[in-house]
Amino acid sequence: MQITVAPASTKTGAAVVRPLLSLDNPSIEVKALYRDVQKVPTEFTAHENFTVIQADVSDASSLDFSGSDAVLAITPPVHDGRNVVAHSELVSKNVRDAVERSGSVKRLVLLSSMGAEFSEGVGEIKTNHVAEQVLRSTNVPEIIFVRCAYFMENWTMSLDTLKGTEPFFFSSITPLDYKVHMVAVKDIGLTLATELTNTSAPPSKPHILELHGPQPYTPLDVQDAFTKALGKGVAVKPVPKQDLPGFYGQIFPPEIVGDWVEMATSFLPGGVAAKDTAEDGETEVVHGKTELVEAIEAATAGIGE
């Protein structure tokens with residue numbers, strides 16, 4: 001069975017390749033797409049059934065999925081100010097066309113996000129909505145969309161504030177006791193690897209499942225996790241909704257700040273995506289096993305030394 005990860009250069013892509021290779025099954029061959037092949041982890045290249053392909057999902061001419069039985073599509077994030085929706089549409093069409101050209105792909109799996117069912121009001125998540133809309137019509141027997149909850153590792157994207165004598169972190173999620181579904185990248189990778197290798201036909205096309213962690217968490221739970229991981233008190237600084245434009249304005253180019261503000265507010269109380277689909281009985285929900293404190297401890301290992 002040949003599986004292609006397009007691309008494999010993101011943290012999530014690596015998290016998918018890892019369990020696929022750990023199966024130690026010679027019948028599973030992994031082809032991983034990288035724009036820069038110099039960035040491929042040596043832990044992957046050491047495996048005989050791992051092949052690196054130099055390709056870019058934004059360049060249709062570089063994509064060749066011939067011989068692949070399953071393909072994982074990941075929409076790589078772009079933070080350089082370009083139109084993120086147009087970029088998502090471009091790469092999704094490129095992947096769709098390459099899958100159809102292959103003549104061999106039987107299953108297409110997309111890494112998506114909670115809130116991808118909405119076409120408006122969810123900001124940056126519209127990239128996942130567009131990807132789903134483009135890929136759902138792909139001429140392939142099986143299509144699966146995995147809509148992931150908030151990444152636990154998002155809390156560790158900026159580790160500098162956790163260093164020093166008075167460590168702290170910012171929370172764009174407010175109020176601080178507001179529960180949000182979160183999932184670890186490790187569990188995302190394992191779930192996607194499972195869907196790629198599953199030989200049972202999904203019940204629908206496309207089949208949509210949501211991936212949550214063991215339980216919902218609050219920013220206060222994140223604070224407790226940081227405190228346990230670092231072995232010292234960690235403060236949390238909430239970012240009120242009205243201050244989000246200024247907050248994200250310090251991180252992203254002005255062209256995409258609005259997308260990030262809209263995304264952040266869409267999951268807050270009263271937001272368009274605040275509805276808990278796990279309770280509507282209409283969506284299949286899968287739960288990862290990694291607790292928040294485990295993910296935080298792994299992401300901050302060595303920072304307090």
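## A guided tour of the model

Asp-221, Val-222, Ala-225, Phe-226, Lys-228 and Ala-229 in helix H6 meet Leu-292, Val-293, Ile-296 and Glu-297 in helix H9. Select these residues first. By type, the contact of H6 with H9 holds seven nonpolar residues, three charged ones and no polar ones. Keep in mind that this is a predicted model.

**Stop 1: H6 and H9**

Now widen the selection to both helices. H6 covers residues 219-230, and H9 covers residues 292-299. Their axes come within 9 Å and cross at roughly 50°. That angle makes H6 oblique to H9. The handedness of the H6 and H9 crossing is right-handed.

Two numbers are worth carrying to the next helix pair. Packed helices are described by the angle between their axes and by the distance between the axes.

**Stop 2: H3 and H4**

Select helix H3, residues 84-102. Add helix H4, residues 126-135. At what angle do H3 and H4 pack? The angle is about 30°, with the axes 8 Å apart. Angles under 35 degrees count as roughly parallel, and H3 and H4 are therefore roughly parallel to each other. H3 passes H4 in a right-handed crossing.

Show the side chains here. On the H3 side, pick Val-84, Val-85, Ser-88, Glu-89, Ser-92, Lys-93 and Arg-96. On the H4 side, they meet Lys-126, Thr-127, Val-130, Ala-131, Val-134 and Leu-135. This contact of H3 with H4 divides into six nonpolar, three polar and four charged residues.

**Stop 3: salt bridges**

How many salt bridges does a search of the whole structure find? It finds 10. Visit three of them.

Start with Arg-107 and Glu-142. They form a salt bridge, and their closest N and O atoms are 2.8 Å apart. Arg-107 sits in strand S5 (residues 107-113) and Glu-142 in strand S6 (residues 142-148), so the pair ties together parts that are 35 residues apart in sequence. Are Arg-107 and Glu-142 buried or exposed? Both are buried.

Stay on S6 and move to Arg-147. Arg-147 forms a salt bridge with Glu-117, with the closest N and O atoms 3.5 Å apart. Arg-147 belongs to strand S6, while Glu-117 lies in the loop between S5 and H4, so this pair links parts 30 residues apart in sequence. Turn on the surface to compare the partners. Arg-147 counts as buried, at 9% relative accessibility. Glu-117 is partly exposed, with a relative accessible area of 32%.

Next, select Lys-163 and Asp-160. This salt bridge has its closest N and O atoms 3.7 Å apart. Lys-163 is partly exposed, at 48% relative accessible area. Asp-160 is exposed, at 58%.

Before leaving, go back to Arg-107 and add Glu-195. Salt bridges with shared partners join Arg-107, Glu-142 and Glu-195 into one network.

**Stop 4: two cis peptide bonds**

Most peptide bonds are trans. The next two are cis.

Zoom to Ala-6 and Pro-7. A cis peptide bond joins them, with omega about -5°. Pro-7 is in the loop between strand S1 (2-6) and helix H1 (11-22).

Then jump to Lys-205 and Pro-206. Here too the peptide bond is cis, and omega is about -5°. Pro-206 is found in the loop between helix H5 (185-197) and strand S10 (207-212).

**Stop 5: Pro-269**

Which loop holds Pro-269? Look between helix H8 (254-266) and strand S12 (284-287). Pro-269 counts as partly exposed, at 40% relative accessibility. Now draw a distance from its C-alpha atom to that of Ile-173. The separation is 9.6 Å, although the two positions lie 96 residues apart along the chain count. Select what touches Pro-269. Leaving aside neighbours within four places in sequence, Pro-269 is in contact with Thr-174, Pro-175, Tyr-178 and Lys-241.

**Stop 6: Thr-290**

Finish at Thr-290, in the loop between S12 and H9. Thr-290 is buried, with a relative accessible area of 9%. What does Thr-290 touch, not counting residues up to four places away in sequence? Its contacts are Met-152, Ala-184, Lys-186, Asp-187, Pro-214, Tyr-217 and Ala-295. Ala-295 falls within the residue range of H9, the helix where the tour began.

Note on methods:
Residues are numbered from 1 along each chain as its sequence is written. This is a predicted model: local features need pLDDT of at least 70, side-chain atom pairs count only at pLDDT 80 or more; totals for chains, interfaces and linings use all residues. Side-chain values use heavy atoms; hydrogens and water are left out. Axes are lines fitted to C-alpha atoms, for helices over the stretch in contact, and angles run from 0 to 180 degrees between N-to-C directions. Helices (H or I, at least four residues) and strands (E, at least two) are DSSP runs, numbered from the N terminus. Angles under 35 degrees count as roughly parallel, over 145 as roughly antiparallel, 65 to 115 as roughly perpendicular and the rest as oblique. A crossing is left-handed if the near helix is turned anticlockwise from the far one by less than a right angle, and right-handed if clockwise. Contact means heavy atoms within 4.5 Å. Ala, Val, Leu, Ile, Met, Phe, Trp, Tyr, Cys and Pro count as nonpolar, Asp, Glu, Lys and Arg as charged, and the others, Gly among them, as polar. A salt bridge is a side-chain nitrogen of Lys or Arg within 4 Å of a carboxyl oxygen of Asp or Glu. Buried means under 20% relative accessible area, exposed over 50%, partly exposed in between (1.4 Å probe, protein chains only).
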